[in-house]
Amino acid sequence: EVLSAYATALREAGVVITAGTEHNTRDRIPLAPRCLKGAAVPEGVADMFWEGACVVAAHAYRVARGEAGFVDSDGLPCPGFPDAEARIQAFRRLGETVIGAYLRLAASS
């Protein structure tokens with residue numbers, strides 16, 4: 001409940017939400033994040049985490065091509081979008097395409 005409340009409030013404020021797990025030890029822990037006491041991440045929050053991963057992938061893709069990323073090196077938002085939500089959604093769509101292309105390529109190797 002706490003995670004949902006914070007993630008939703010941040011996302012509604014135009015903040016991209018990401019998540020991950022700590023893997024700097026030899027402990028064999030799952031890659032997928034979990035909530036307190038091992039509870040599953042709520043579906044709505046999981047979608048925000050996916051969206052965040054897509055935004056990161058799109059940012060990396062664009063920067064590697066010499067294009068403007070989600071933000072520039074000064075932390076300023078990528079220009080050309082009417083608002084933060086439009087920018088987030090555009091980067092999500094591109095990121096989904098980039099990740100999908102990678103998965104198809106990896107499957108064919």
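**View 1. Two aromatic pairs in a predicted model.** The structure holds 2 aromatic pairs, and it is a predicted model. In one of them, the ring centres of Phe70 and Phe91 lie 5.3 Å apart and the ring planes meet at 85°, so this pair is edge-to-face. Where do the two partners sit? Phe70 belongs to the loop between α2 and α3, while Phe91 is part of helix α3, so the pair ties together parts that are 21 residues apart in sequence. Follow the rings a little further and you meet a cluster: ring pairs link Phe70, Phe81 and Phe91.

**View 2. Are Phe70 and Phe91 buried or exposed?** Start with Phe70, which has a relative accessible area of 12%; buried means under 20%, so Phe70 is buried. Phe91 has 2% relative accessibility, so Phe91 counts as buried too.

**View 3. His59 and its neighbours.** Look for His59 in helix α2. With a relative accessible area of 27%, His59 is partly exposed. Which residues does His59 touch, leaving aside those up to four places away in sequence? They are Gly69, Phe70, Val71 and Phe91. Zoom in on Phe70 once more: its backbone nitrogen lies 2.8 Å from a polar atom of the His59 side chain. You can also find Cys78, which is 19 residues from His59 along the chain, with 9.8 Å between the two C-alpha atoms.

**View 4. Helix α2 meets helix α3.** Two packed helices are described by the angle between their axes and the distance between the axes. Here, helix α2 (residues 43-64) packs against helix α3 (residues 84-108) at an angle of about 80°, and the axes are 7 Å apart. That angle makes α2 roughly perpendicular to α3. By class, the contact of the two helices has 12 nonpolar, 3 polar and 5 charged residues. On the α2 side, look for residues including Trp50, Cys54, Ala58, His59 and Tyr61. On the α3 side, the residues they meet include Ile88, Phe91, Leu94, Gly95 and Val98.

**View 5. Gly80 in the loop.** Gly80 lies in the loop between α2 and α3. Is Gly80 buried or exposed? Its relative accessibility is 77%, and exposed means over 50%, so Gly80 counts as exposed. To place this glycine relative to Ala58, go from C-alpha to C-alpha: Gly80 and Ala58 are 15 Å apart in space and 22 residues apart in sequence.

Technical notes
Residues numbered from 1 in each chain as written. Predicted model: local features only at pLDDT ≥ 70, side-chain atom pairs only at ≥ 80, totals over all residues. Heavy atoms only, no water. Axes fitted to C-alpha atoms, helices over the stretch in contact; angles between N-to-C directions. Helix = DSSP H or I, 4+ residues; strand = E, 2+ residues; numbered from the N terminus. Parallel < 35°, antiparallel > 145°, perpendicular 65-115°, else oblique. Contact = heavy atoms within 4.5 Å. Nonpolar A, V, L, I, M, F, W, Y, C, P; charged D, E, K, R; others polar. Buried < 20%, exposed > 50% of the residue type's maximum accessible area, 1.4 Å probe, protein only. Polar contact = N/O pair within 3.5 Å; in protein donor to acceptor, adjacent residues only side chain to side chain. Phe/Tyr/Trp six-rings, centres within 6.5 Å; stacked < 30°, edge-to-face > 60°.
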